[in-house]
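Grab a pencil and work through these exercises with the model open beside you. Try each task before you read its solution.

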Amino acid sequence: MPIAPDYRPAPVHAALGDAFYDVVAPARFPEHRLRFRNQEAASRIGLGGLTDAEWEAHFARFEPLPENLPRPLALRYHGHQFRSYNPQLGDGRGFLFAQLHDAVDGRLLDLGTKGSGQTPWSRGGDGRLTLKGGVREVLATAMLEACGVPTSRSLSLFETGEPLWRGDEPSPTRSSVLVRLSHSHVRFGTFQRLAYEGEVANLGRLVEHCIAYYLPEARGAGDAPFALLRAVTIRSARLAAAWMAAGFVHGVLNTDNMNVTGESFDYGPYRFLPHCDPTFTAAYFDETGLYAYGRQPAVVQWNCERLADALAPLGTRAQLAPALGAYAPAFREALPAALLARLGLCARNADDDALLVESLFAWLGTRRVGWDRFFFDWWGGAASAPRAAASPAADAYAEPAFAPLRARLEAHAPAAPARLALPYFRAAAPCTLLVDEIEALWAPIAAVDDWGGFHAKLDAIAARREATTLD
């Protein structure tokens, strides 16, 4: 491929050494049928000009990108899964394919895969991804980006022509390989593995690596392990707040599913809230509700504590503890900001903003008004009062119990009132991504290979993002 000016390769992970990864070979697939290409994301990394043949070569056959990793790397890590430590983890059906810089903001990005074949960490699995799983992840990342959540982005999805057998869906089912863009695949579990194995020197190298490439706020901020932990703790608190505002339930908040950049990734049994319910869970196997919607902030904090445990060999747990103290204030600051952004409202002051959040959760927690419906109806506050009066939820808004929340909404100035003239706000309902909708999108794909609903949903999500996501 000709090298575009915006293509800036940076394969820095390889320099950490083979204690951090295994060199692997990608699977060879019988078919390569392109189902999704994220042209916007590709353009930001200098790959927007790839021909269809070049796209297939790099993202289905995984031929190396110019001046990048010569062979894929399956990354090594451990993790707590549902609070039980598992030292048998690692990239079991994915690998790090390439690293490069974003041409817009200059940040380092990873190109990682899902469903690209077996690795030394597959633990007897086939290393494949179902097509339905790939479709679900493309939809998740698009919607979360539209909700303002820091998230990986889906770059490419190919159907690969292999029948797969899975116990949780009708089999055989179709297969796929996904490529995603993420700002880092260095997980909490990456540190945990090094601590578990007693690799203290490598643990220190990883800390310095992350500060150099991923955490500019930690540079020159004192003791390196402390600075890293504090930066990651704050970023993680902001991520948890963004999930809460989005009404998103990740489903598997294990320590191997959290990374140092505070970015959401790896979407399995996720769900979006139908209405406000702290006990709402995403995974059918989460029998105790450990990762329920309302427990996510506490779970993320617990995970940060496990990262502190892993960093303890570089100092002491007592020395690191103050960094964890940044979590609660960061979350308290981030949650009102995230909810105000979802409502298209300007901040007033810390007290008023906090009272709005308290009123919002208290009222929505006693009503079955749709989560997305509420934010759609009241986007822009007072400027949307006429729209809210015509909503299917208008009767709930007319109740005396809603009056205090309405007053708080109307006390905040709209952040971008001109957006209300966009077609998105003239629709009768918001764009949502509830589990029943995903199943309805998948059904015609499975039955007759009809992708119309899938692409229409992505267009609707893009319209929502244009209308509601504030810079």
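**Exercise 1. A residue on the outside**

Task: Decide whether Arg123 is buried, partly exposed or exposed.

Solution. Start with the number: Arg123 has a relative accessible area of 56%. The cut-off for exposed is over 50%, so Arg123 counts as exposed. Keep in mind that you're looking at a predicted model. Next, find its place: Arg123 sits in the loop between β7 (108-114) and β8 (129-130). Finally, check the backbone: phi of Arg123 is near 50°, a positive value in a residue that isn't glycine.

**Exercise 2. Another positive phi**

Task: Locate Phe82 and work out its exposure class.

Solution. Look at the loop between β4 (79-81) and β5 (84-86), and you'll find Phe82 there. Its phi is near 50°, a positive value for a non-glycine residue. For the exposure, Phe82 has 27% relative accessibility, so it counts as partly exposed.

**Exercise 3. Two helices side by side**

Task: Describe how α7 and α8 pack, starting from the angle and the distance.

Solution. Two packed helices are described by the angle between their axes and by the distance between those axes.

- Step 1: the axes of α7 (residues 296-311) and α8 (residues 317-324) come within 9 Å and cross at roughly 150°.
- Step 2: angles over 145 degrees count as roughly antiparallel, and α7 and α8 are therefore roughly antiparallel to each other.
- Step 3: the crossing of α7 and α8 is right-handed.
- Step 4: from α7, Cys304, Glu305, Arg306, Ala308, Asp309 and Leu311 meet Arg317, Leu320 and Leu324 of α8. Sorted by class, this contact has five nonpolar, no polar and four charged residues.

**Exercise 4. A second partner for α8**

Task: Do the same for α6 and α8: are they roughly parallel or antiparallel?

Solution.

- Step 1: α6 (residues 224-246) packs on α8 at an angle of about 30°, with the axes 8 Å apart.
- Step 2: the limit for roughly parallel is under 35 degrees, and α6 and α8 are therefore roughly parallel to each other.
- Step 3: α6 crosses α8 in a right-handed way.
- Step 4: Pro225, Phe226, Leu229, Arg230 and Thr233 of α6 meet Gln319, Leu320, Pro322, Ala323 and Leu324 of α8. By class, the α6 contact with α8 has seven nonpolar, two polar and one charged residues.

**Exercise 5. Pairing up charges**

Task: Find which parts of the chain the salt bridge of Glu159 and Arg35 ties together.

Solution. Side chains of opposite charge can pair when their charged atoms come close.

- Step 1: in the salt bridge between Glu159 and Arg35, the closest N and O atoms are 2.8 Å apart.
- Step 2: Glu159 lies in strand β9 (residues 153-159) and Arg35 in strand β2 (residues 33-37), so the pair ties together parts 124 residues apart in sequence.
- Step 3: both Glu159 and Arg35 are buried.

Now try the pair Arg342 and Asp372, whose closest N and O atoms are 3.1 Å apart. Arg342 is in helix α9 (residues 327-343) and Asp372 in helix α11 (residues 371-377), so to speak two distant parts of the chain, 30 residues apart. Arg342 is buried, with a relative accessible area of 10%, and Asp372 is buried too, at 6%. Elsewhere, salt bridges with shared partners join Arg33, Arg35, Glu159, Arg174 and Asp449 into one network.

For contrast, take Glu56 and Arg61, whose side chains form a salt bridge at 3.3 Å, N to O. Glu56 counts as partly exposed at 25% relative accessibility, and Arg61 counts as partly exposed at 29%. The count for the model comes to 34 salt bridges.

**Exercise 6. Around one loop**

Task: Say where Glu169 is and which residues it touches.

Solution. Glu169 is in the loop between β9 and β10 (175-182). With 18% relative accessibility, Glu169 counts as buried. Leaving out residues up to four places away in sequence, Glu169 touches Thr130 and Lys132. Thr130 is 39 residues from Glu169 along the chain, and their C-alpha atoms are 9.9 Å apart. Pro172 is in the loop between β9 and β10 as well, and the peptide bond from Ser171 to Pro172 is cis, with omega near 0°.

Methods
Residues are numbered from 1 along each chain as its sequence is written. This is a predicted model: local features need pLDDT of at least 70, side-chain atom pairs count only at pLDDT 80 or more; totals for chains, interfaces and linings use all residues. Side-chain values use heavy atoms; hydrogens and water are left out. Axes are lines fitted to C-alpha atoms, for helices over the stretch in contact, and angles run from 0 to 180 degrees between N-to-C directions. Helices (H or I, at least four residues) and strands (E, at least two) are DSSP runs, numbered from the N terminus. Angles under 35 degrees count as roughly parallel, over 145 as roughly antiparallel, 65 to 115 as roughly perpendicular and the rest as oblique. A crossing is left-handed if the near helix is turned anticlockwise from the far one by less than a right angle, and right-handed if clockwise. Contact means heavy atoms within 4.5 Å. Ala, Val, Leu, Ile, Met, Phe, Trp, Tyr, Cys and Pro count as nonpolar, Asp, Glu, Lys and Arg as charged, and the others, Gly among them, as polar. A salt bridge is a side-chain nitrogen of Lys or Arg within 4 Å of a carboxyl oxygen of Asp or Glu. Buried means under 20% relative accessible area, exposed over 50%, partly exposed in between (1.4 Å probe, protein chains only).
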